[in-house]
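Visitor: Could you walk me through this structure? I would like to start with one strand and then turn to pockets.

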Amino acid sequence: MPTSLQFERSSSAAEAANATTSFYPYHHKQLQKVSLTRGMADVPDHVEIFHTHAVGPSQCFSVVVQDVDASDSTVWSILSRFEHPQAYKHFVRSCHLAVGDGREVGSVREVQVVSGLPAAFSLERLEIMDEDRHVISFSVVGGDHRLQNYRSVTTVHECLSPGGGKKRARVVESYVVDVPTGNDKEETCSFADTIVRCNLQSLAKVAEKLS
């Protein structure tokens, strides 16, 4: 059975146990570099690199981990379809490419979400598509929603199940997002975490049916 574990979440970059101490100015604000997977077991070096984010003082961040009883290549075949997120994201009603082919960095998709959410649509830009290391990243660049300056990175790598030594896939998704006016960081993270966790659990079910 798929399991979802949240390893690190913080309402403040200063509270992150594994954050680095380097700061640098950006438009008179301070950004802190935060590694969201440092200290996790069975995490390759390249995974830690991709899940290191620059976090501003008015942003929150989190990381969610999902183990899947399927091969990493099977999971990646679903996850890497930037043009078809509804294959596993149940909150997505439809999606079409506005720019690019969905494989090249810079491609933009317009995502229509299901009714009942505090959103109508989202414009999302592909930032990373690494077929060799199974890494995909997108940022939200427009739309009608509450997740401003949202950027996520999702990686897939092979790991072993506890005790049995059976090979399976581990999906790690981290994100950084602005905290909307009128909300606090805890509320914003809780909302985003719920969506990410549901998406990854759905991804696991779809991949396991294909295995």
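Guide: The following answers deal with strand β9 and its partners, and then with the largest pocket. The model is predicted, with local features needing pLDDT of at least 70 and side-chain atom pairs 80 or more, while totals for chains, interfaces and linings use all residues. Residues are numbered from 1 along each chain as its sequence is written, and side-chain values use heavy atoms, without hydrogens and water.

Visitor: Is β9 largely enclosed or not, and why?

Guide: Strand β9 (residues 135-144) is largely enclosed by the rest of the structure, because seven of its 10 residues are buried. Buried means under 20% relative accessible area with a 1.4 Å probe, protein chains only; a strand is a DSSP run of E of at least two residues.

Visitor: How many bridges join β8 to β9?

Guide: Nine bridges join β8 (residues 121-130) to β9, and the two run antiparallel. Strands pair if DSSP finds at least two bridges between them. Methionine 129 has isoleucine 136 in β9 as its bridge partner.

Visitor: And what about β10?

Guide: Strand β10 (residues 151-160) runs antiparallel to β9, with five bridges joining them. The β9–β10 hairpin has six residues between its strands, and asparagine 149 in that turn has a positive phi of about 55°.

Visitor: New topic: how much space lies in the largest pocket?

Guide: The largest pocket holds about 230 Å³ of space. Its lining includes Asn149, Arg151 and Val153. The largest share of that lining, three residues, comes from β4.

Note on methods: Buried means under 20% relative accessible area, exposed over 50%, partly exposed in between (1.4 Å probe, protein chains only). Helices (H or I, at least four residues) and strands (E, at least two) are DSSP runs, numbered from the N terminus. On a 1 Å grid over the protein atoms alone, a cavity is a set of points where a 1.4 Å probe fits but cannot get out, and a pocket is an open set with protein on both sides within 12 Å along at least five of seven lines; lining residues have an atom within 4 Å of a point. Grid points are joined across faces, edges and corners, and a volume is the space filled by probe spheres set on the points.
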